[in-house]
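Work through the following exercises with the sequence and the structure side by side. Each task is followed by a solution that proceeds in steps.

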Amino acid sequence: MLRAARERFLPASQREHAEQDHPLPIGHGQTSSQPRTVREMLRLLETRPGQRVLDVGCGSGWTTALLAHLVGPAGSVLGVELEPELAAWGRANVLAEGLPWARVEAALPGVLGWPDGAPYERVLVSAEPQSLPDELVQQLAPGGVMVIPVAGRMLRVRRPLEGKPRVEQLGRYRFVPLR
Ligand SMILES: C[S@@+](CC[C@H](N)C(=O)[O-])C[C@H]1O[C@@H](n2cnc3c(N)ncnc32)[C@H](O)[C@@H]1O
């Protein structure tokens with residue numbers, strides 16, 4: 001988190017609040033997530049160097065940059081953001097960090113995640129659906145892990161090599177809705 005300071009992923013009007021452990025507005029009714037929550041989600045995701053990661057709802061690009069530091073240049077991170085203006089700003093923020101193995105795309109209409117780049121070994125989701133989206137589980141590689149808030153609870157979803165995904169419930173959180 002020191003290497004991708006939150007301040008650089010906030011609108012100018014919010015930068016003075018970067019150190020506060022609260023969600024902060026980033027425009028379009030969306031937020032930069034609470035740092036403590038981001039740290040916990042990254043811990044739960046168990047990201048390792050060299051992995052391919054999908055970051056759904058990347059907003060400012062902060063989590064995309066943090067994940068890029070975790071996977072290193074041997075890995076790759078794709079951030080996807082639904083709000084086109086946020087996607088453009090998030091892309092510029094990530095570009096400015098000088099992490100060429102990370103990139104941001106605007107979500108395609110009616111498409112959840114980025115199926116064309118699947119499978120991903122890790123999937124981080126920073127917006128909340130009411131039930132676990134099968135489209136995202138399908139984009140997870142066998143052996144992969146997804147961390148996603150669903151209906152007020154943080155879930156860690158492990159896709160085994162065979163059979164149904166295993167789901168752990170890990171605490172209560174509130175997020176903006178996944179749309
Ligand atoms: C909590 S906010 C941003 C979190 C981001 N990690 C940050 O710190 O800036 C979640 C984002 O998810 C986006 N979002 C909601 N539904 C989405 C979807 N289906 N695909 C991609 N992004 C989505 C919202 O527009 C919002 O910017």
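**Exercise 1.** Locate Gly110 among the strands, and decide whether Gly110 is buried or exposed.

*Solution.* In this predicted model, begin with the strands on either side: S5 covers 102–106 and S6 covers 120–125, and Gly110 sits in the loop between them. Next, take the relative accessible area of Gly110, which is 88%. Because exposed residues are those over 50%, Gly110 counts as exposed. Finally, compare sequence with space: Gly110 and Ala127 are 17 residues apart along the chain, and their C-alpha atoms are 16 Å apart.

**Exercise 2.** Find out which peptide bond, ending at Pro119, is cis, and state where Pro119 lies.

*Solution.* The bond in question runs from Ala118 to Pro119, and its omega is near 5°, which is the cis form. Pro119 belongs to the loop between S5 and S6, the loop in which Gly110 is also found.

**Exercise 3.** Place Pro23 relative to strand S1, and list what Pro23 touches beyond its neighbours within four places in sequence.

*Solution.* Pro23 is found in the segment before S1, a strand that spans 24–27. The relative accessibility of Pro23 is 45%, so this residue is classed as partly exposed. Once the neighbours within four places are set aside, the contacts of Pro23 are Arg6, Thr31, Ser32, Ser33 and Gln34. Arg8, which is 15 residues away along the chain, has its C-alpha atom 15 Å from that of Pro23.

**Exercise 4.** For His28 and then for Glu46, give the value of phi and the loop that holds the residue.

*Solution.* Take His28 to begin with: its phi is positive, about 60°, although the residue is not a glycine. His28 is situated in the loop between S1 and strand S2 (30–32), and with a relative accessible area of 40% it is partly exposed. Turn then to Glu46, where phi is again positive, near 55°, in a residue other than glycine. Glu46 lies in the loop between helix H1 (35–45) and S3, and its relative accessible area of 24% makes Glu46 partly exposed.

**Exercise 5.** Determine how many residues of helix H2 are buried, and which residue follows the helix.

*Solution.* H2 consists of residues 62–71, and eight of these ten are buried, so that the helix is mostly covered. The buried set is made up of Trp62, Thr63, Thr64, Ala65, Leu66, Leu67, Ala68 and Val71. After H2 comes Gly72, with a positive phi near 70°.

**Exercise 6.** Establish in which sense strands S3 and S4 pair, and which residue of S4 is the bridge partner of Leu54.

*Solution.* S3 (residues 52–56) pairs with S4 in the parallel sense, over five bridges. Within that pairing, Leu54 has Leu78 of S4 as its bridge partner. S4 itself (residues 76–81) is mostly covered, with five of its six residues buried.

**Exercise 7.** Judge whether the radius of gyration of the chain agrees or disagrees with that of a compact globule.

*Solution.* For 179 residues, a compact globule would have a radius of gyration near 16 Å, and the value for the chain is 15 Å, so the two agree. Buried residues form 49% of the chain. Among contacts with a separation of 6 or more, 52% link residues 24 or more positions apart.

Technical notes
Residues numbered from 1 in each chain as written. Predicted model: local features only at pLDDT ≥ 70, side-chain atom pairs only at ≥ 80, totals over all residues. Heavy atoms only, no water. Rg over C-alpha atoms; globule rule 2.2 N^0.38 Å. Buried < 20%, exposed > 50% of the residue type's maximum accessible area, 1.4 Å probe, protein only. Contact = heavy atoms within 4.5 Å. Helix = DSSP H or I, 4+ residues; strand = E, 2+ residues; numbered from the N terminus. Pairing = 2+ DSSP bridges.
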